[in-house]
Amino acid sequence: MNHDSSRELYDRALSSIPGGVNSSVRAIRPYPFFIERGDGGHVIDADGNRYLDFVNGYGPLLYGHDLPQPVQSAVQSTVSEGPMYGAPTEIEVDLAEFVSRHVPSVEMIRFVNSGTEATVSAIRLARGYTGRDKIVVMQGGYHGAQESTLVEGEDGHVHPSSPGIPEEFAQHTIPVPFNDVDAVQDVFAAHGDEIAAVLTEPILGNTGIVHPVEGYHETLRDLTEDHDALLIFDEVITGFRVGGLQCAQGKFGVTPDVTTFGKIVGGGFPVGAIGGKAEIIEQFTPAGEVFQSGTFSGHPVTMAAGYESLKYAAENDVYEHVNALGEQLREGLTEIVADRAPSYTVAGTDSMFKVLFTREGPDSTEGQCEAGCRQRPDCPRYDHCPKNGADVADCEDERWERLFWPAMKEQGIFLTVNQYESQFVSYAHTEEDVETLLSAYEEAL
Ligand SMILES: *Cc1c(COP(=O)(O)O)cnc(C)c1O
């Protein structure tokens with residue numbers, strides 16, 4: 001593969017953009033390929049190389065790179081009428097009504113411009129609503145580039161995980177290991193009446209894809225209710241992907257008080273949203289006192305793309321298609337891994353997938369989860385499959401990033417660039433694409 005144009009572009013970018021990229025995860029070594037355009041389930045780079053794309057923008061692209069015709073028309077006609085107004089438009093109401101109709105926890109919703117902005121606002125809302133400061137988060141969970149959740153450590157020893165964040169901010173955040181019932185019970189026993197909210201992804205979607213163990217979300221729901229704290233599900237990555245239009249909360253049957261959205265709900269354009277019980281969401285200004293505002297919030301192009309994308313999914317076989325491909329893919333990966341690298345763990349659900357380079361596996365794979373780890377206690381892998389962020393961090397991420405990823409790229413497969421980020425099947429992918437991907441894994445593992 002020739003990468004001369006990408007190398008030249010990266011050389012230019014390094015002089016004008018820090019690290020040459022506008023989001024740190026994109027800084028593939030030694031240099032990223034620059035995308036020229038998308039084409040269905042593929043992307044084409046600046047040197048004309050074509051890749052089967054399972055990154056899908058890190059999550060927003062349910063349809064891959066060809067938007068369904070109604071989405072495309074809506075986007076184009078909206079743009080042709082002028083980009084935005086700073087005054088309300090009908091399409092915002094359409095999308096708000098649609099989300100409220102389909103997602104169990106949502107009675108009202110406020111749209112913003114990124115997942116980060118959504119989680120920032122949700123935390124402010126939870127603190128404003130409860131009059132408490134402490135937030136419980138999961139180690140290895142991701143909620144965007146924001147002060148309250150960029151922390152590391154554990155209760156009593158929490159520090160910011162980035163320079164530029166005052167130590168005092170981290171003192172209000174308590175990280176616990178995902179899936180550890182005792183840890184979160186201890187935290188509530190010690191600080192129950194100071195905790196504003198537990199903030200968690202329903203599935204760790206930015207750290208290897210980790211499923212909840214049975215009863216974990218129910219425990220969070222009970223603890224928060226018993227202590228008058230809020231349960232916030234960050235569904236920025238799982239929203240409108242896992243569980244279809246009802247999102248992961250519908251699939252798991254656990255209803256949070258507040259839900260944050262992003263990614264798919266904007267149909268490929270910048271978006272975030274905070275939804276939940278009307279009584280809570282109405283605390284946002286101007287209905288309530290918790291300040292929330294944004295020049296671009298509810299942007300007409302985003303709202304049109306989001307609404308038409310979700311409507312299309314409601315009226316067509318979109319989730320059936322992507323979920324069936326995901327199942328086919330994870331089943332195929334499970335067989336390949338059993339043969340080539342039996343200690344590795346296949347993870348994912350619906351249209352999400354990842355092979356985790358776990359270091360130890362079971363002696364026999366008889367009766368294991370067949371299409372992605374479900375944290376089934378009677379699965380022979382149960383003692384080895386990652387249950388939290390630390391377990392994923394223990395995987396062979398150097399091997400993943402330096403040997404496996406480049407070997408896949410050389411075969412024309414674009415995967416997320418490290419062991420942590422999820423990968424996605426899109427509506428543009430076919431069974432043949434999945435077979436191509438499986439052959440590439442077989443070659444590279
Ligand atoms: C992507 C993501 C975010 C951050 O969203 P941005 O739009 O990148 O700011 C927050 N939470 C989760 C769970 C995410 O996957």
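Colleague: I want to start with single residues. Is D257 buried or exposed?

Modeller: The test is relative accessible area: buried means under 20%, exposed over 50%, and partly exposed in between, with a 1.4 Å probe and protein chains only. D257 has a relative accessible area of 4%, which means that D257 is buried. This is a predicted model, where local features need pLDDT of at least 70, side-chain atom pairs count only at pLDDT 80 or more, and totals for chains, interfaces and linings use all residues. Residues are numbered from 1 along each chain as its sequence is written, and side-chain values use heavy atoms, with hydrogens and water left out.

Colleague: Now charges. Which residues does D257 meet in salt bridges?

Modeller: Side chains of opposite charge can pair when their charged atoms come close. The cut-off for a salt bridge is a side-chain nitrogen of Lys or Arg within 4 Å of a carboxyl oxygen of Asp or Glu. One partner of D257 is R221, at 2.8 Å from N to O. This pair links distant parts of the chain, 36 residues apart: R221 is in helix α7, and D257 is in the loop between α8 (247–252) and β11 (258–262). Helices here are DSSP runs of H or I with at least four residues, strands are runs of E with at least two, and both are numbered from the N terminus. R221 and D257 are both buried.

D257 also meets K277, at 2.7 Å from N to O. Here the two residues are 20 apart, with K277 in the loop between β12 (272–276) and α9. K277 is partly exposed, with a relative accessible area of 35%. Salt bridges with shared partners join R221, E225, D257 and K277 into one network.

Colleague: How many salt bridges does the whole structure have?

Modeller: The search finds 12. Among them is the pair of K251 and D350, whose closest N and O atoms are 2.7 Å apart. K251 lies in helix α8 and D350 in the loop between β13 (345–347) and β14, so this pair ties together parts that are 99 residues apart in sequence. K251 is partly exposed at 39% relative accessible area, whereas D350 counts as buried at 7%.

Colleague: On to strands. Which side chains of β7 point to which face?

Modeller: In a regular strand the side chains alternate between the two faces of the sheet. Strand β7 (residues 157–160) shows this: V158 and P160 point to one face and are buried, while H157 and H159 point to the other and are not. Strand β8 (residues 173–177) reads otherwise, since both of its faces are covered. T173, P175 and P177 on one side are buried, and I174 and V176 on the other are buried too. That makes five of its five residues.

Colleague: What do β6 and β7 form together?

Modeller: Strands of a sheet pair through backbone hydrogen bonds, either parallel or antiparallel. Two strands count as paired if DSSP finds at least two bridges between them. β6 (residues 151–154) and β7 pair in the antiparallel sense over four bridges, with V151 opposite P160. The two strands form a hairpin with two residues between them, and G156 in the turn has a positive phi of about 95°.

For a parallel case, take β5 (residues 134–139) and β8, joined by five bridges. V136 has I174 as its bridge partner there.

Colleague: Which strands stand at the edges of the open sheet of four?

Modeller: The order of that sheet is β1-β2-β3-β15, with mixed pairing. β1 (35–39) and β15 (413–414) are at the edges; each has a single partner strand, so one side of each is left without a neighbour in the sheet. β15 runs parallel to β3 (residues 50–53), and two bridges join them. One bridge partner pair is D53 and F414.

Colleague: Last, the backbone. Where are the peptide bonds described as cis?

Modeller: One runs from R29 to P30, with omega near -5°; P30 is in the loop between α1 (4–16) and β1. Another runs from T285 to P286, with omega near 5°, and P286 lies in the loop between α9 (278–281) and α10 (300–315).

Colleague: What is phi of N179, and of Q375?

Modeller: N179 has phi near 70°, a positive value in a residue other than glycine. N179 lies in the loop between β8 and α6 (181–191) and counts as buried at 10% relative accessibility. For Q375, phi is near 55°, again positive. Q375 is in the loop between β14 (352–356) and α12 (389–393), and its relative accessibility of 2% counts as buried.
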